[in-house]
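Reader: I'd like to learn how to read the features of a structure, from the overall fold down to ring geometry. Could you walk me through this one?

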Amino acid sequence: GSVAVLGHLFQAVCAPGEAVIFPWRSFEAYPIWAQIQATESVPVPVWPDGSIDLENIASKINDYTRMILVCTPNNPTGTAVNTMDLHNLMRQVPDNVLVVIDEAYAEFVDDPDAVNGMEFFNIYGNVAVIRTLSKAQGLAGLRVGYMVAQPEIVDFVRRVSIPFGVSNIAQAAAVAALSPSAKAQMKERVSNIISERARVEAAIRAAGFDIPSMQANFVWIPTNNAEQLKAACEAVGVAVRQFPEGVRITIAEPEANDRIIEVLSAFLR
């Protein structure tokens, strides 16, 4: 998937002793790949509402910086980066630093002011966009992702990529998922998820939780009692993802979402 593409980018761009900047909390693979490549991790705390602090990221750039990772919508906090804010960051990034826009959840964005990675790729030569077919297209177990970048970046990534990294079955599924009929089904599925997400968000706020606008296929509940909240969800048969700073809850079928709303309301009481 796009995780493997990300790893190849680390191999192609970052040398031991150089540095990569990323928001935190964000996608867990970022510090792991940095450690594997012996690249220094420079995590930049997200804002209290889970949004990415791009100005702070810009302030961390130095002569050792080789790559900046921007996850939008951010995993696990669900917030999307504003287009003008990312343009402002790009104006501060040297040409020899690659900005990777990680858009694993791009299809679920409905904020008109949110970043579209392809627009930035068409403007800036030092941008790479990575996406996946694991989320909106539903091919999670088949591990198919892709990157859009300038030819020289693509060339170096291909040099380090593992041959036959995508199976024949996964390739066939990817081609099928990109067909016109499958795209129509995907758009309908995404529309239903966005609608349910809005309903769940409204109920969570009504219950007393302060959460930002979610732009992925999950909601983020910031809490110091993540372990207890996870246990409460599992008690009603719903699996969630626990982090030290909160809990990520995937938007599922309405029945599961109803259970989550009930649990969160009781949890606050």
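Author: Happily! Begin with secondary structure: in this predicted model, the chain has 10 helices and 9 strands.

Reader: How do I read the radius of gyration of the chain?

Author: Compare the value with what a globule rule gives for a chain of that length. Here the radius of gyration is 19 Å, close to the 18 Å given by the rule for 269 residues, so the chain is as compact as a globular protein of that length. Along the principal axes, the C-alpha atoms fill a box of roughly 55 × 45 × 35 Å.

Reader: And what percentage of the residues in the chain is buried?

Author: Burial is read from relative accessibility, with buried meaning under 20%. In this chain, 49% of the 269 residues are buried. The accessible surface comes to about 12900 Å², and carbon and sulfur atoms account for 53% of that area.

Reader: What do the contacts in the chain say about separation in sequence?

Author: Take the contacts between residues at least 6 apart in sequence, then ask how many of those span further. Of these contacts, 65% join residues at least 24 apart.

Reader: Now the rings, please. How many aromatic pairs does the structure hold?

Author: There are 6 aromatic pairs. One of them joins F22 and W24, with 6.0 Å centre to centre and 70 degrees between the planes, an edge-to-face arrangement.

Reader: Why is the pair of F22 and Y30 called tilted?

Author: The label depends on the angle between the planes: under 30 degrees is stacked, over 60 is edge-to-face, and the rest is tilted. For F22 and Y30 the planes stand at 50 degrees, with ring centres 5.9 Å apart, so this pair is tilted.

Reader: Are F22, W24 and Y30 buried or exposed?

Author: F22 counts as buried because its relative accessibility is 1%, and Y30 is also buried, at 0%. W24 has 24% relative accessibility, so it counts as partly exposed. Together with F27, these three residues form one aromatic cluster.

Reader: Which charged residues lie over the face of a ring?

Author: For this feature, look for a charged side chain above a ring and check the distance to the ring centre. R159 lies over the face of F156, at 4.5 Å from the ring centre. Another case is R248, over the face of F218, where the distance to the ring centre is 5.6 Å.

Definitions and conventions: Residues are numbered from 1 along each chain as its sequence is written. This is a predicted model: local features need pLDDT of at least 70, side-chain atom pairs count only at pLDDT 80 or more; totals for chains, interfaces and linings use all residues. Side-chain values use heavy atoms; hydrogens and water are left out. Rings of Phe, Tyr and Trp (its six-membered ring) pair if their centres lie within 6.5 Å; planes under 30 degrees apart count as stacked, over 60 as edge-to-face and the rest as tilted. Buried means under 20% relative accessible area, exposed over 50%, partly exposed in between (1.4 Å probe, protein chains only). A charge sits over a ring if NZ of Lys or CZ of Arg is within 6 Å of the ring centre and within 35 degrees of the ring normal. Helices (H or I, at least four residues) and strands (E, at least two) are DSSP runs, numbered from the N terminus. The radius of gyration is taken over C-alpha atoms; the globule rule is 2.2 Å times the number of residues to the power 0.38. Contact means heavy atoms within 4.5 Å. Accessible areas come from the Shrake-Rupley method with a 1.4 Å probe; for residues, only the protein chains shown count as cover.
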